[in-house]
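Reader: Please take me through the terms applied to this model, and set out the grounds on which each one rests.

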Amino acid sequence: VFREATTDFNVDARSVTKTGGNHVKARITNPSGTHTDAVIQDKGDGTYKVEYTPFEEGVHTIDVVYDEAPVPSSPFRVPVTEGCDPSRVRAYGPGLDGGISNRPNKFTVETRNAGTGGLGLAVEGPSEAKITCKDNKDGSCSVEYVPYEAGTYDVVITYGGQQIPGSPFKVPVTDTVDPTKVKCLGPGLGNNVRANVPQCFTVDASKAGAAPLNVSVVGPKGVVEPVEIIDNLDQTKTVNYVPTHEGPYTVSVQYADQQVPRRALPTGDASKCTVTGTGMGPTIQIGEETLITVDAKAAGKGKVTCTVCTPDGSEADVDVVENEDGTFDIFYTAPQPGKYVICVRFGGEHIPNSPFQVTVSNLPSEGMCMGEGGVLGMCVLSILEL
C-alpha cells in the first residue's frame, strides 16, 4: 500500500447475512496512534467494500468487526510505503479528444488518491508542442499544449515513471478554425423560397478549417424544421430542408459552435445594384449636401450602408434613407477639400465599382464666373483660330 494512494479491501459476510446492513465497522490506526477515516460501502448482498487513504508511512493496524465481534484474523497489519499507483490517475478534457493548431488545447490530470510520484507530460507528433502545467493545489493539474501543425499527436502522460490508463492518447489536431471564412450560398437562402418545396444551400468551409457544423431552420411561431446535412467530402456540405409554413424563416448556421456572420448568409445580390447622383462626382463642392441614389430593385432583400472617408482619414456624417420603391438615398456633406473615398454596400457587400473616389473642391464649378456678388452667370468662351 502506498502513502496518499486510496486503497480498499472487501469483507465477505454472506455466511451470516444475505442482505447486508449496518453490521461491519473498520478502525484504522496509524503508526503515530491517530486514526484514518474508512468509508464502508454496503453492497446489499452480504459483502462490504472498505476504502481508505493512508497519509503516514509505516505499519497501520486495521480492526474489522461484525456486530462488534472481530472478524477472523483481525486486527490486520498493513505496511504503508512511499510510492504511487498510476492506475488511479485520471486524465480528461477536450485537449485529449482533439486539438487545433497554434492555439492552446486544454486537459486536466487528477493524481489525488494515487500516491506520491512525479508527473510526466510529452506531446509527440508532426511538430513540437509548447506545454504548460499548473498545479491546482487540490490533487489535480491543468495542462495546456500548443501544436504548430495539423496531424495526429501522441499525448503521453506518466506518473511515477509509468503510463497512466489511456496513455498515450491519440489526438487529431486540425488547422485553426475561422468561422468568418465560412461561405453559405444557394437557393435555400434566397428570396424565392416556397412553402412545402424542398430547399437546399451549400456551406463552403474550405478556407475555415475543420470543425462541426450545426444548422437550424426556424419558421413562423417558432416552428423548427428538420434539416439534413450531407458531407460532399470536399470541405463543403449541402443543407436540405422543407419549409412547411408561409412566412419569415430564420436560418442559423454555426461552425465550431460559433455563429457564422450574417454577411456569409446572402439575402440579396449586391452586383445588381446601380448608383446615380451628384454625390458620385467626379467633383463636388465643399459644404454642399450631395445625393447618391442606389437602385436595389433587382438586388433582392437587403440594406444599403455607406461610409464616406475624408482626406484626413475621418468619416463624414452620412444619412441613408430607404424609399418604398426599392431605392435608397444617401446624403452627405463634404466638410473639407481633397480626395474622398465612398464605400457603398448592399447586404454587407460592395456594389459594383465601390469604393468610389470623389474630389471635393472649394472652387466654383467649371464654367461659372465669380464677381463681388458671387456667381454672375455662365461664361461663354469663344476660341478663335488665329
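Grounds for the Terms Used

Author: Asp67 lies in the loop between β6 (58-66) and β7. The model is a predicted one.

Reader: What makes the phi of Asp67 notable?

Author: Most residues other than glycine have a negative phi. Asp67 is not a glycine, yet has a positive phi of about 50°.

Reader: Why is Asp67 called partly exposed?

Author: The relative accessible area of Asp67 is 46%. Buried requires under 20% and exposed over 50%, with partly exposed in between. Asp67, at 46%, is therefore partly exposed.

Reader: What makes Ala256 partly exposed, and where is Ala256 placed?

Author: Ala256 is in the loop between β24 (250-255) and β25 (258-259). Its relative accessibility is 22%, and Ala256 therefore counts as partly exposed, since buried would need a value under 20%. Ala256 also has a positive phi, of about 55°, although it is not a glycine.

Reader: Which peptide bonds, those before Pro75 and Pro168, are cis or trans, and what are their omega values?

Author: The bond from Ser74 to Pro75 is cis, with omega near 5°. The bond from Ser167 to Pro168 is cis as well, with omega near 0°. Pro75 belongs to the loop between β7 (69-70) and β8 (76-80), and Pro168 to the loop between β16 (162-163) and β17 (169-174).

Reader: How do you know that β4 and β5 pair?

Author: Pairing requires at least two bridges between two strands. Four bridges join β4 to β5 (residues 47-52), so the two strands pair, and they run antiparallel. In β5, Glu51 is the bridge partner of Val39.

Reader: In what order do the strands of the open sheet come, and which are edge strands?

Author: Three strands form the open sheet in the order β1-β5-β4, with antiparallel pairing. The edge strands are β1 (7-12) and β4 (39-42), because each pairs on one side only. From one strand to the next, the twist averages 20°.

Reader: Which residues have the most contacts inside the largest nonpolar core, and what makes a set of residues such a core?

Author: Buried nonpolar residues form a core if they are joined through side-chain atoms within 4.5 Å. The largest such core has 24 residues, and Ile342, Val344 and Phe346 have the most contacts inside it. Elements giving two or more residues to this core include β28 (289-295) and β29 (304-309). The largest share, four residues, comes from β32. Apart from this core lies another, of 19 residues, among them Val109 and Tyr153.

Key
Residues numbered from 1 in each chain as written. Predicted model: local features only at pLDDT ≥ 70, side-chain atom pairs only at ≥ 80, totals over all residues. Heavy atoms only, no water. Axes fitted to C-alpha atoms, helices over the stretch in contact; angles between N-to-C directions. Buried < 20%, exposed > 50% of the residue type's maximum accessible area, 1.4 Å probe, protein only.
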